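Thank you all for making the time this morning. I would like to walk you slowly through one structure, and I ask that you keep the picture in view while I talk.

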Amino acid sequence: MQLALALGRRGLGRVAPWPSVGCVITRDNRIVGRGTSDLQSMRHAERVALDQAGAQAKGATAYVTLEPCSHHGRTPPCADALIDAGIARVVVATGDPNPLVAGQGVLRLRNAGIDVATAVCDAEAKADHAGFLLSITQSRPFVTLKLASTLDGRIATASGDSQWITGPQARRAVHAMRLSHDAVLVGGGTARADDPTLTVRDMGADRQPVRIVVSKGLNLPRSSRLEETISEGAVWLIHGEGAPSEQAIERWTDAGATLIPAPVVDGSIDLRSAMKTVCKHGLTRIFCEGGGQLAASLLKAGLVDQLVVMNGGKVFGAEGQPSVGSLGLAKLIEAPHFDLLETRAIGPDVLQRWRRV
């Protein structure tokens, strides 16, 4: 199952809105087939692995990271494919809450006389499939918030100087994280101050994540790198309903960007509504790279599922710009709470990964 999980992780950020599933088929203590969800051929992981196994699938065991589907969608049911191939045993990591599946895949396998084991490496599978699971159960994507800051939690000096707080190894790790998400998200302030491209570079990427900017008034600079590189990857702009000028809307539409209006509540974009909208557009994993106000807004809305903090060995002091804007907290108990999952050194810097409680 660990190999199946590793295979599934390879497809993260590549197959949304579908889950990135891994499947391994073994017979006589030997791997005869393996697969990952394949967007190009539209084959599910089970079908890829079965095609590789061929006749050796008969009497074999299949390890699958998500309950095999039991309905006709973009492909015939994977449960039927496993049955037809003569698979003798299926080991499932976690269930599929999709109402079209929701236990029916396992039931169909058992009714066919196949031995089925469930909840094997369940917690790991749920973590890997978190984007898909949230899209089904809460109609929103899984959100990772990345903060690159000094040891005292600053993202820039008082003058706005910020390049570079962390080293090249940490920046390469960020590109790998972008690659495993469906979209990269920043606020309008970051887009104006840094003029980023938000693309994946030097990773051999064959696709680029959607690049999303949240800007209530759509007051973004002309001739930005986002606009110049729009042919390299999609650009989505989330703006306030009725807030931007017709000129701004026309300019970005003509440039090829996708404009997404969202309600404005108390002077700010309603991020809960915005996240539900991008989920409807097929995104299940969002990688947010700031800035501080957007980070605060996501935290206040309870939308941050994973927090990645990269600390460089610098101190800017109280006059530096904080990595997270005001949260308006009065009591400690009101603070967003995260559990530590990982700490490791990346070159001269330190990476911490936290999961929301």
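**Two sheets and a pocket**

Let me begin with the sheet of 9 strands, which is open, has mixed pairing, and follows the order β11-β10-β9-β8-β14-β6-β15-β18-β17. At its edges stand β11, residues 258–262, and β17, each having a single partner strand, so one side of each is left without a neighbour in the sheet. On average, and ignoring direction, neighbouring strands here are turned by 20° against each other. I should say early on that what you are looking at is a predicted model.

Within this sheet, please find β6, residues 142–149, which pairs with β15 in the parallel sense over 6 bridges; as one example of how the two fit together, Leu-145 has Leu-307 in β15 as its bridge partner. A parallel pairing also joins β8, residues 183–187, to β9, this time over 5 bridges, and there Val-184 has Arg-211 of β9 as its bridge partner.

Now, how many of the 5 residues of β9 are buried? The answer is 5 of the 5, so this strand, residues 210–214, is largely enclosed by the rest of the structure. It helps to remember that in a regular strand the side chains alternate between the two faces of the sheet. In β9 both faces are covered, with Val-210, Ile-212 and Val-214 buried on one side and Arg-211 and Val-213 buried on the other.

Another buried arginine is Arg-251, which sits in helix α10, residues 246–255, and which counts as buried because its relative accessibility is 15%, where buried means under 20%. If we leave aside its neighbours within four places in sequence, Arg-251 is in contact with Leu-220, Pro-221, Arg-222, Ser-223 and Glu-227.

Let us move to the second largest pocket, which holds about 430 Å³ of space. It is lined by 19 residues, and those closest to its centre are Arg-285, Gln-306, Glu-342, Arg-353 and Arg-355. By type, the lining divides into 9 nonpolar, 3 polar and 7 charged residues. Among the elements that each supply at least two residues of this lining are β15, β17 and β18, together with the helices α5 and α7.

The other sheet I want to show you is open as well, with 5 strands in the order β2-β1-β3-β4-β5 and mixed pairing. Here β2, residues 30–36, and β5, residues 115–117, stand at the edges with a single partner strand each, so one side of each has no neighbour in the sheet. Strands β1, residues 22–27, and β3, residues 61–64, run antiparallel and are joined by 4 bridges, and Cys-23 has Val-64 in β3 as its bridge partner. Two helices lie across β1, β2 and β3, namely α1, running at about 145° to β1, and α2, running at about 140° to β2.

I will finish with some details of the backbone. Most residues other than glycine have a negative phi, and most peptide bonds are trans. The bond from Ala-16 to Pro-17, however, is cis, with omega near 10°, and Pro-17 lies in the loop between α1 and β1. Asp-28, in the loop between β1 and β2, has a positive phi of about 55°, and Asp-202, in the loop between α8 and β9, has a positive phi near 60°. Asp-28 counts as exposed at 70% relative accessibility, and Asp-202 is exposed too, with a relative accessible area of 69%.

How values were computed:
Residues are numbered from 1 along each chain as its sequence is written. This is a predicted model: local features need pLDDT of at least 70, side-chain atom pairs count only at pLDDT 80 or more; totals for chains, interfaces and linings use all residues. Side-chain values use heavy atoms; hydrogens and water are left out. On a 1 Å grid over the protein atoms alone, a cavity is a set of points where a 1.4 Å probe fits but cannot get out, and a pocket is an open set with protein on both sides within 12 Å along at least five of seven lines; lining residues have an atom within 4 Å of a point. Grid points are joined across faces, edges and corners, and a volume is the space filled by probe spheres set on the points. Ala, Val, Leu, Ile, Met, Phe, Trp, Tyr, Cys and Pro count as nonpolar, Asp, Glu, Lys and Arg as charged, and the others, Gly among them, as polar. Two strands pair if DSSP finds at least two bridges between them. Axes are lines fitted to C-alpha atoms, for helices over the stretch in contact, and angles run from 0 to 180 degrees between N-to-C directions. Buried means under 20% relative accessible area, exposed over 50%, partly exposed in between (1.4 Å probe, protein chains only). Contact means heavy atoms within 4.5 Å.
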